[in-house]
Amino acid sequence: MSSSLVAYDDSDSEAETEKAEVPSTSSRQTSLPGSSVDCVQYFAPGSLGTKSTYEMQPTENTDSFGTSTVCEDPPVHYAQNNNTDFISPYCRRAYSSHNALCMSYKSYEQASSSSTNSGNGISQKRIHKDSTMAVKGIRPYIPKRFRQENSSMPEKKESDQRHSSDCDVKLGISGEQASRKISELIKPYLGSKYKLTEVPKSLIFYMSKHSGPVNAIQWCPVREQSHMLLSASMDKTIKVWDAVDTGCCLKTYSCHSCAVRAAQWSSCGRRILSGGFDSMLHLTDVETGTQIFSSKNEFRISTLKFHPTESSIFICGGFSPEVKAWDIRTSKVLRVYKAAVQQTLDILFLPEGREFLTSTDAVSRDSADRTIIAWDFQSAAKISNQIFHERYTCPSLTLHPREPMFVAQTNGNYMALFSAQRPYRINKKKRYEGHKVEGFAVGCEFSPDGTLLVTGSSDGKVFFYNYHTARIIRTLSAHKEACVSAIFHPVLPSLLATCDWAGEIKIWQ
C-alpha cells in the first residue's frame, strides 16, 4: 500500500512559508469598487440669477467609506438680487460599505496559498476547518501560528476602527472641485503684501444653512485656499463654505453628537480640529471626512487651539479646572495644566508658543485674580495670575499681528489692552468700549495690518475701533440676533465674515 500520512507540526519550514505567502495576482483583482455618480454644478458668468443646471457625470470612486453625499442648495447672492431663487435637485450617492470591499488577511492568505500550491506534490500543513463530522465536546487542534493570529485580530480591528472611522459628510455643490481650486479673486493678491484695511459697507453673501447658533468661524490659513470659511454650530455640525466666489456650502461634517463649541483649521489647511459638548475631540480630513484623531475627553470642551510651531500639538479646555495638551501622533495627553477654576473660556498662544494665556470664570466679589492666567508651555507652571484685576470675565482673547500686545474681551462691555511680554501689564489709557457683550461669547479680532479692531455685539451690530486711538470708526448693523464673531479675510483687504446666534453667516465688503 502506497499511502502518505500527514502529521501535525508546529514548526514552519522555509519552503512552506514562502509558498504560502505568495499571493496570486488574480485574487487581488476580485474586489473592485463599483462606479458611482458625482453631482457637479458649473457656474456660468451671470447665471446666479437663473435656475442652476446640473450635469451628471459617472466617475469611478475608490473611496471605501460608507458615507452618503448630499448636494445642498447654494445661498442667496445679495450682490445681484436679494430675492433670487435657486432651484436645484438633491442628488445622493451611496458608497459601498467598508466590509464589502476588503477581505480579512487570514482568509485572503488561505485562498491565495491554495490557488498557488494546487497541483504540486509539496506537502502542506493542514489548515483547520470546522466540519460537520466533528465530535461534540471535543475541541479540534489549532496550530500555534493560527492561535496567535486569532488572538491579535481584535486588537487590529479596534485600531483600524479608531484610525479609519469617518464622519457623516454631506457634499455641497461642486464641493470637491471648489475646495481644491484657487479663487480668481485671490490670485492677484498672493504675490503682494496686504494693503490698508478699509471698513466694509456692502453685503455680498447671506448664508443660513445652520439650524442653530454659530459659535465660531475661521478663514482657511493657507493663502491659496483662503476662499474657504469654516463654521461650527450648536446644531452638531461643522460646515466649510466657499465664501469668496459663490457663497455655497461645500461640505458638512456631522462628527459630534452634541453642540460643536470650537473648531479650527490645521496649519496645512487639510484638516479640521473640533470639540464640543459631547466631550469628544475629532481631527477630520477635509476631503474624505476621515477622523484621523478621535478621543473622548473627561469634560465638555469650550475652546481649543493648535500650537503655533508644533502642528501636531494642540491645547483644549472647557468645563474643568484642567487644560490639556494633546499630541495627535500618539493620541495621548502631553501635559495637564491645573488651576483653581471651574471653566476655561478661551486660550491664546503668545508668539513662538513658549507661553500661552487662558481666560477663566474665576471671579470673586470685588476682584478677579485668576481671570487671565499665563502658563509656561513646557513646564506647565503658572507664570502669572495677577494680570486682570477687574470683576469681569473675559470670553475671548486675541493677539495683535505686528506688536507684542493682546486684547481681552470682557463682560463689562469693553475690551482691555495688555502687553504680551512679562509681566503682562494692562494699558489703562486705552479702553475700547461702546459695544455690548451681556453674557454672550462675543469674539474680537484685529485686521491683518493691525490698524483696526473689530468686535461683535449682543445687539447684532459690528463695531470697528481704531487700534491707536480706541475710537469707534464705524458701526455696522449686521444681524438681528447677537453677533458673536467678526473676522477679516487674511488676503483680500476689507472682506469681513460675521455670524450670529440665529445661525446666519454674512460676508461683507
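This briefing covers one β-sheet and the cysteines of the structure. The model is predicted. The sheet is open and consists of 4 strands with antiparallel pairing. A search of the whole structure for disulfides returns 0, and the sulfurs of Cys483 and Cys499 are treated below in that light.

**The four-stranded sheet**

- The strands follow the order β24-β25-β26-β27, and their pairing is antiparallel.
- Strands β24, residues 396–399, and β27, residues 426–433, form the edges, each pairing on one side only.
- From one strand to the next, the twist averages 25°.

**The pairing of β26 with β27**

- Strand β26 spans residues 414–419 and is joined to β27 by 4 bridges.
- These two strands, β26 and β27, run antiparallel.
- Opposite Tyr414 stands Glu433, a residue of β27.

**Cysteines and the absence of disulfides**

- A disulfide is a covalent bond between the sulfur atoms of two cysteines.
- The count of such bonds across the whole structure is 0.
- For Cys483, the closest cysteine sulfur belongs to Cys499 and lies 6.3 Å away, which is too far for a bond.
- The cut-off behind this reasoning is a sulfur pair within 2.5 Å.
- Seen from Cys499, the closest cysteine sulfur is that of Cys483, at 6.3 Å, so the separation is too far for a bond.

**Burial of the two cysteines**

- Cys483 has a relative accessibility of 0% and therefore counts as buried.
- Cys499 is buried, its relative accessible area being 0%.

Conventions
Residues numbered from 1 in each chain as written. Predicted model: local features only at pLDDT ≥ 70, side-chain atom pairs only at ≥ 80, totals over all residues. Heavy atoms only, no water. Pairing = 2+ DSSP bridges. Axes fitted to C-alpha atoms, helices over the stretch in contact; angles between N-to-C directions. Buried < 20%, exposed > 50% of the residue type's maximum accessible area, 1.4 Å probe, protein only.
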